[in-house]
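Work through these exercises with the model open beside you. Try each task before reading its solution.

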Amino acid sequence: MNVPDRLVPLLKQFDWACERLGNRLAGPFVDSGNGTDVAAPVMTDDEYLWEPVPDCWSVRLRGSGPGPGGTSLTGAGGWGRDTAPFPHPAPPPFTTLAWRLSHLSELLTLRADHSAGTRSLTREDYRVAGDAAGALADFGASAAAWRGALLGADDAALDTVGYSTYPYGSDPEDPFLDTVWWVNQELLHHGAEIALLRDLYRVRGGLA
């Protein structure tokens with residue numbers, strides 16, 4: 001596969017961020033940044049759904065309804081993710097690891113579809129995982145789908161405005177290269193948030 005020169009560093013950054021987040025969530029080790037392996041036990045269901053403060057937004061059984069400040073549960077299947085129409089509550093609700101990981105996997109899946117797929121998927125089509133193992137599998141599949149979309153993009157595609165028709169961002173108004181850069185930022189900043197939540201859960205000893 002001939003990857004355009006401009007895409008190479010962004011693809012490498014994406015791969016590195018996916019590997020680091022995947023290892024941070026599933027272990028058994030994650031690179032500390034200096035080549036030292038740090039133990040990283042696989043995420044449990046309790047940790048995935050942990051609400052560290054009152055009134056969190058999370059993923060919930062559909063029959064339970066949305067959490068505080070939410071008006072609906074987005075997604076398909078028996079679980080959904082807390083949401084509300086714009087403007088969202090201010091200040092924004094604190095979101096759980098489950099909410100953040102589901103959001104990240106959803107945006108990767110939908111952007112892959114809107115760049116190299118049917119260009120039709122919506123948030124209501126995305127099946128939200130209610131357990132840690134399912135969420136980890138979803139992240140791996142969504143990252144692979146987005147990577148596949150990137151590998152199918154040539155130089156002309158990178159300059160094409162609206163190459164991604166993802167409807168929940170500025171993608172239809174942006175050159176695809178800008179979208180690729182933005183997705184990396186989403187992965188990096190949500191990955192950092194998720195890593196911090198893992199640290200907080202660890203030091204509290206898994207106690208309610």
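**Exercise 1. Which helices do the buried residues of α4 pack against?**

Keep in mind that this is a predicted model.

Step 1. List the covered positions. In α4, A132, G134, A135, L136, F139, S142, A143, W146, A149 and L150 are buried.

Step 2. Look at their partners. These buried residues pack against α1 (8–26), α2 (45–48), α3 (97–116) and α6.

Step 3. Go to the start of the helix. There, a side-chain oxygen of D131 comes to within 3.4 Å of the backbone nitrogen of A133.

**Exercise 2. Compare the span of α4 with the expected span, then do the check for α3.**

Step 1. Take helix α4, residues 132–151. It has 20 residues, so at 1.5 Å a residue it should span 28 Å.

Step 2. Compare with the model. The end C-alpha atoms of α4 are 29 Å apart, which agrees.

Step 3. Turn to α3. This helix has 20 residues and reaches 28 Å from its first C-alpha to its last. That is close to the 28 Å expected at 1.5 Å a residue.

Step 4. Add the burial of α3. Of its 20 residues, 18 are buried, and the helix is mostly covered.

**Exercise 3. Classify the ring pair of W146 and F176, then that of W181 and W182.**

Step 1. Start with the total. The structure holds 5 aromatic pairs.

Step 2. Take W146 and F176. Their ring centres are 5.8 Å apart and their planes meet at 65°. The angle is over 60 degrees, so the pair is edge-to-face.

Step 3. Place this pair along the chain. W146 is in helix α4 and F176 in helix α6, 30 residues apart, so the pair links distant parts of the chain.

Step 4. Check burial. W146 has a relative accessible area of 0% and is buried. F176 is also at 0% and buried.

Step 5. Take W181 and W182. Their ring centres lie 6.3 Å apart, with the planes at 40°, so this pair is tilted.

Step 6. Check exposure here too. W181, at 46% relative accessibility, is partly exposed. W182, at 39%, is partly exposed as well.

Step 7. Look for a group of rings. W146, Y163 and F176 form one aromatic cluster.

**Exercise 4. Which ring faces do R81 and R100 lie over?**

Step 1. Find R81. It lies over the face of W99, at 5.4 Å from the ring centre.

Step 2. Find R100. This residue lies over the face of F94, 5.0 Å from the ring centre.

**Exercise 5. Describe the surroundings of S164.**

Step 1. Locate S164. Its place is in the loop between α5 (155–159) and α6 (176–203).

Step 2. Decide on burial. The relative accessible area of S164 is 1%, which is under 20%, so S164 is buried.

Step 3. Find a polar partner. The side chain of S164 makes a polar contact with the side chain of D171, at 3.0 Å.

Step 4. List the contacts, leaving out residues up to four places away in sequence. S164 touches R111, H114, S115, R119, D171, P172, F176 and T179.

**Exercise 6. How many disulfides does the structure have?**

Step 1. Recall the bond. A disulfide joins the sulfur atoms of two cysteines covalently.

Step 2. Apply the cut-off. With sulfur atoms required to lie within 2.5 Å, the count is 0 disulfides.

Step 3. Check the burial of two cysteines. C18 is buried at 13% relative accessibility. C56 is buried at 0%.

Technical notes. Residues numbered from 1 in each chain as written. Predicted model: local features only at pLDDT ≥ 70, side-chain atom pairs only at ≥ 80, totals over all residues. Heavy atoms only, no water. Buried < 20%, exposed > 50% of the residue type's maximum accessible area, 1.4 Å probe, protein only. Helix = DSSP H or I, 4+ residues; strand = E, 2+ residues; numbered from the N terminus. Polar contact = N/O pair within 3.5 Å; in protein donor to acceptor, adjacent residues only side chain to side chain. Contact = heavy atoms within 4.5 Å. Expected span 1.5 Å × (residues − 1). Phe/Tyr/Trp six-rings, centres within 6.5 Å; stacked < 30°, edge-to-face > 60°. Lys NZ or Arg CZ within 6 Å of the ring centre and 35° of its normal.
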